[in-house]
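Grab a pencil and get ready to work through a protein model step by step. Try each task yourself before you read its solution.

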Amino acid sequence: MDHPAWFLIPALVVLVVFFFVPTIFNFVYSFTNWSSFHADIRFVGLSNFATLFTTGTLVNDLRTTLVYAVLVAVFQNVGGLVLALVLERDTRINRFARVAFFVPVVMSALAVGYIFQAMLKPTGALNQILGAFAGHTVNIAWLGSTTWTIVVVALIHGWKWMGLSMLIYLAGLKTINEDIIEAARIDGANWWATFRSIRFPLLAPAVTFNVATSLLGSMNGFDIVQATTSGGPGGTTELLNIFIFRTFGQGLFAQATTMSLTLFLMVGILAFPVIYLLRRRERVL
């Protein structure tokens, strides 16, 4: 009983009960007619998949989810890298700024979404600030465009997690040997040449981690989009998780689990090539 492995049992039980068992049932129920409209559960084969893919909604939501994930990955990583470079020096002001930019990471995603939803209303704080500078009333519907709303929501998501990417990039920058940078400066390399040819290639492990986690993590996005747009306008920001949430609420449990399985497979299919290409880039550099 004194073996350290015994201490793993509580965590293993929680993992099995709340992750592995629901995942297995998710696979099973995807092939049934489980819903609030049936008294019994029967096996129906691939009919749920056929129905969902023929309606077109599932395919559209998968495409929207992928576009959203790519936008979030770009915003989060570009913003995090810029912040890391700006706040790299270990000064008192920079330490305070790092904490300030990390605060959104520990905030509730729903709270962040509702705050921005209130700010971006036509009568919200952002338009009032712009109106104060412009000298007239501004009534821009920031969340009302069927083209640009997904970009705005992805920017909010990227902003929330930007602080985490910043810390990872900062850790990567701190591991770079200053002798290499000094040698490049002596050879006449300016800041941009040093960053492009030396510092950024040496950040490859941090880039791999940040890009993979932001891209694959945002494909499971739900809370920020639900709080800001609920999938609107016109379904242009309806991620697959929002579709699953609405379908499950309608009592169509088997269809919801089928969508969940589809999202699981999509993330899995995307994860392997993304991680492989990023790790291959590390080896090349």
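Below are six exercises on this model, each followed by a worked solution.

**Before you start.** This is a predicted model, so local features need pLDDT of at least 70 and side-chain atom pairs count only at pLDDT 80 or more, while totals for chains, interfaces and linings use all residues. Residues are numbered from 1 along each chain as its sequence is written, and side-chain values use heavy atoms, with hydrogens and water left out.

**Exercise 1. Get an overview of the protein chain: how many helices and strands does it have, and what share of its residues counts as buried?**

Step 1: Count the elements. Helices (H or I, at least four residues) and strands (E, at least two) are DSSP runs, numbered from the N terminus. The protein chain has 13 helices and zero strands.

Step 2: Look at its extent. The C-alpha trace spans about 75 × 70 × 40 Å along its principal axes.

Step 3: Check burial. Buried means under 20% relative accessible area, exposed over 50%, and partly exposed in between (1.4 Å probe, protein chains only). Of the 285 residues, 40% count as buried.

Step 4: Look at the contacts, where contact means heavy atoms within 4.5 Å. Take those between residues at least 6 apart in sequence: 67% of them join residues at least 24 apart.

**Exercise 2. Compare two loop residues, S30 and T91: is each one buried or partly exposed?**

Step 1: Find them. S30 sits in the loop between α1 (9–29) and α2 (47–55), and T91 is in the loop between α3 (57–86) and α4 (92–106).

Step 2: Read the accessibility. S30 is buried because its relative accessibility is 0%. T91 has a relative accessible area of 28%, so T91 is partly exposed.

Step 3: See what surrounds S30. Leaving out residues up to four places away in sequence, S30 touches G45, N48, F49, A254, T257, T258 and L261. The S30 side chain also reaches the backbone oxygen of N26 at 2.7 Å.

**Exercise 3. Test helix α7: what span should its 26 residues have, and where does α7 bend?**

Step 1: Work out the expected span, which is 1.5 Å times one less than the number of residues. For the 26 residues of α7 (residues 149–174), that gives 38 Å.

Step 2: Compare it with the model. The end C-alpha atoms of α7 are 37 Å apart, which agrees.

Step 3: Look for a bend, meaning the angle between axes fitted to the seven residues ending at a residue and the seven starting there. At W161, α7 bends by about 45 degrees.

**Exercise 4. Explore the empty spaces: which residues line the largest cavity, and which element gives the most to the lining of the largest pocket?**

Step 1: Get the rules straight. On a 1 Å grid over the protein atoms alone, a cavity is a set of points where a 1.4 Å probe fits but cannot get out; a pocket is an open set with protein on both sides within 12 Å along at least five of seven lines; and lining residues have an atom within 4 Å of a point. Grid points are joined across faces, edges and corners, and a volume is the space filled by probe spheres set on the points.

Step 2: Take the cavities. There are two of 30 Å³ or more, and the largest has a volume of about 40 Å³. Its lining is made up of L83, A100, F101, P104, W159, M162 and G163, with α4 and α7 each supplying at least two residues.

Step 3: Turn to the largest pocket, which holds about 330 Å³ of space. Of its 13 lining residues, F19, T23, N26, S260 and F264 are the closest to its centre. The elements giving two or more residues to this lining are α1, α12 (240–249) and α13 (253–284). With six residues, α1 gives the most.

**Exercise 5. Follow V225 and T247: how far apart are their C-alpha atoms?**

Step 1: Place them. V225 lies in helix α11 (residues 223–228), and T247 lies in helix α12.

Step 2: Check burial. V225 is buried, with a relative accessible area of 1%; T247 is buried too, at 3%.

Step 3: Find the separation. They are 22 residues apart along the chain, and their C-alpha atoms are separated by 16 Å.

Step 4: List the neighbours, not counting residues up to four places away in sequence. V225 touches several residues, including Y68, V153 and S230. T247 touches L252, Q255, A256 and M259.

**Exercise 6. Inspect the backbone between α11 and α12: which residues does a cis peptide bond join, and what is the phi of S230?**

Step 1: Recall the usual pattern. Most residues other than glycine have a negative phi, and most peptide bonds are trans.

Step 2: Check the peptide bond. G232 and P233 are joined by a cis peptide bond, with omega about -10 degrees. P233 is in the loop between α11 and α12.

Step 3: Check S230, which is also placed in the loop between α11 and α12. S230 has a positive phi of about 55 degrees although it is not a glycine. At 46% relative accessibility, S230 counts as partly exposed.

Key. Polar contact = N/O pair within 3.5 Å; in protein donor to acceptor, adjacent residues only side chain to side chain.
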